[in-house]
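Please open the model in your viewer and keep the selection tool at hand. The tour below goes from one empty space to the next and says what to select at each stop.

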Amino acid sequence: MDETVEVPVPQPTAAGAPAPTASLAGLAFSKGHGTGNDFVLIADPGDAHEITPDQVAHLCDRHIGIGGDGLIRAVPSRFLPEGRTLLEQDPAAEWFMDYRNGDGSLSEMCGNGVRVFVHFLIEEGLVDLGPGQTLTIGTRGGVKKVVRTVNGYAVDMGPWEFIFPNEATSKAMDALVSADGLEVARPGLSVSMGNPHTVVALAELGELAATELFKAPLVDPKPVNGTNVEFVVPAEPLVEEGVGTITMRVHERGVGETQSCGTGACAAAVAIRHWAGATAPNDWHVKVPGGVVGVKFFPGAGGREHVELSGPAVIVATGMLS
């Protein structure tokens, strides 16, 4: 942990109106990231803090708040309706990752966030997890099992599926995606990792660098709940020593471009492996602006294929709203 900071609650923003986070004064927080995908983290073991969307957006603002791609509240699953449902499926899922995007909207899942969430629970003394041990947690994308590794954490992200399976099977694409910096719309393939993604393959790294992600790409047709969009360049050669490598940038719903997206890395590997054909490997390295994550495919319960995401998690600061 690098530093401890105190973040003052901003003064009234207009004509006597209190800042959105004024009621959170005295609340402790941490700041963490997984390959540059960063989060404000709050421990709430008694479910004492109802943080509004406006407060989330304020805290995640990089100019007037702490700054982050999203906010994670650590709360026992028994306090939330969706958490209680998960406890019926798996009583070991005692902690729930209550995750919100940087604009305050709810999100089903965040793969990098899961790793940072578990690391935060350990740092806060809320769980005890040694190398090689597994922790079960609840998320709005279902129960997730996380193994502590020597260099970070590996998360069983559960099964993947195509959002439009008929199109994925028959045409290997289901949407056209337009973005600033690309001269023409490109075919995309939509994948669910518990949250929606649309993956676009580009020919070269220069094309990837030229793609502008300040605003959301246009996806037609767009999945019903919106979608995260990944632009991906396969390595040349694609596979070395049994491991595939791809480079990715992502625009996340409710956030914008981020340094990394764990579920997006999984979705990108799903799409590239599908396009590469039957000889494609099950192990992948996904290079993102914030580092490298690992993606592995393996047989899961009930015969469905699961995806494992692995990578680091770091707490960079702790503090208190004042």
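Begin with the second largest pocket of this predicted model, whose lining takes at least three residues from domain 1 (25–150) and at least three from domain 2 (159–313). To bring its centre into view, select Gly141, Lys144, Met157, Gly158 and Pro159, which lie nearest to that centre among the 16 lining residues. Strand S7 (142–148) and strand S8 (153–159) are the elements that each contribute two or more residues to this lining. The space here amounts to about 180 Å³, and if you colour the lining by residue class you will find five nonpolar, six polar and five charged residues.

Next, move to the largest pocket, which holds about 240 Å³ of space. Select Cys60, Arg62, Gly68, Asp69 and Val255, the residues nearest its centre out of a lining of 16. This pocket lies between domain 1 (25–150) and domain 2 (159–313), because both of them give residues to its lining. Showing the secondary structure helps at this stop, since helix H1 (53–60) and strand S16 (256–258) each supply at least two lining residues, and S16, with three residues, has the largest share. By class, the lining of the largest pocket consists of three nonpolar, seven polar and six charged residues.

From the pockets, turn to the enclosed spaces: how many cavities of 30 Å³ or more does a search of the whole structure find? There are two, and the largest cavity contains about 60 Å³ of space. To display its lining, select Tyr99, Asn101, Ser107, Met109, Cys110, Asn195, Asn228, Glu252, Arg253, Cys261 and Thr263. Four of these residues are nonpolar, five are polar and two are charged, and domain 1 (25–150) and domain 2 (159–313) each provide at least three residues of the lining.

Finally, keep Thr263 selected as one of the residues lining the largest cavity, and follow it into helix H6 (residues 262–276), where it is found. Is Thr263 buried or exposed? Its relative accessibility is 1%, and therefore Thr263 counts as buried, the cut-off for that class being under 20%. Now add the side chain of Asn195, which is joined to the side chain of Thr263 by a polar contact of 3.2 Å. To complete the view, show the residues that Thr263 touches, leaving aside those up to four places away in sequence: Met109, Cys110, Gly111, Met157, Met193, Asn195 and His197. Met157 takes you back to the opening stop, where it is one of the residues nearest the centre of the second largest pocket.

Conventions:
Residues numbered from 1 in each chain as written. Predicted model: local features only at pLDDT ≥ 70, side-chain atom pairs only at ≥ 80, totals over all residues. Heavy atoms only, no water. 1 Å grid on protein atoms, 1.4 Å probe; cavity = no way out; pocket = protein on both sides within 12 Å on 5 of 7 lines; lining within 4 Å. Points joined across faces, edges and corners; volume = space filled by probe spheres on them. Nonpolar A, V, L, I, M, F, W, Y, C, P; charged D, E, K, R; others polar. Domains from an automatic or database assignment. Helix = DSSP H or I, 4+ residues; strand = E, 2+ residues; numbered from the N terminus. Buried < 20%, exposed > 50% of the residue type's maximum accessible area, 1.4 Å probe, protein only. Polar contact = N/O pair within 3.5 Å; in protein donor to acceptor, adjacent residues only side chain to side chain. Contact = heavy atoms within 4.5 Å.
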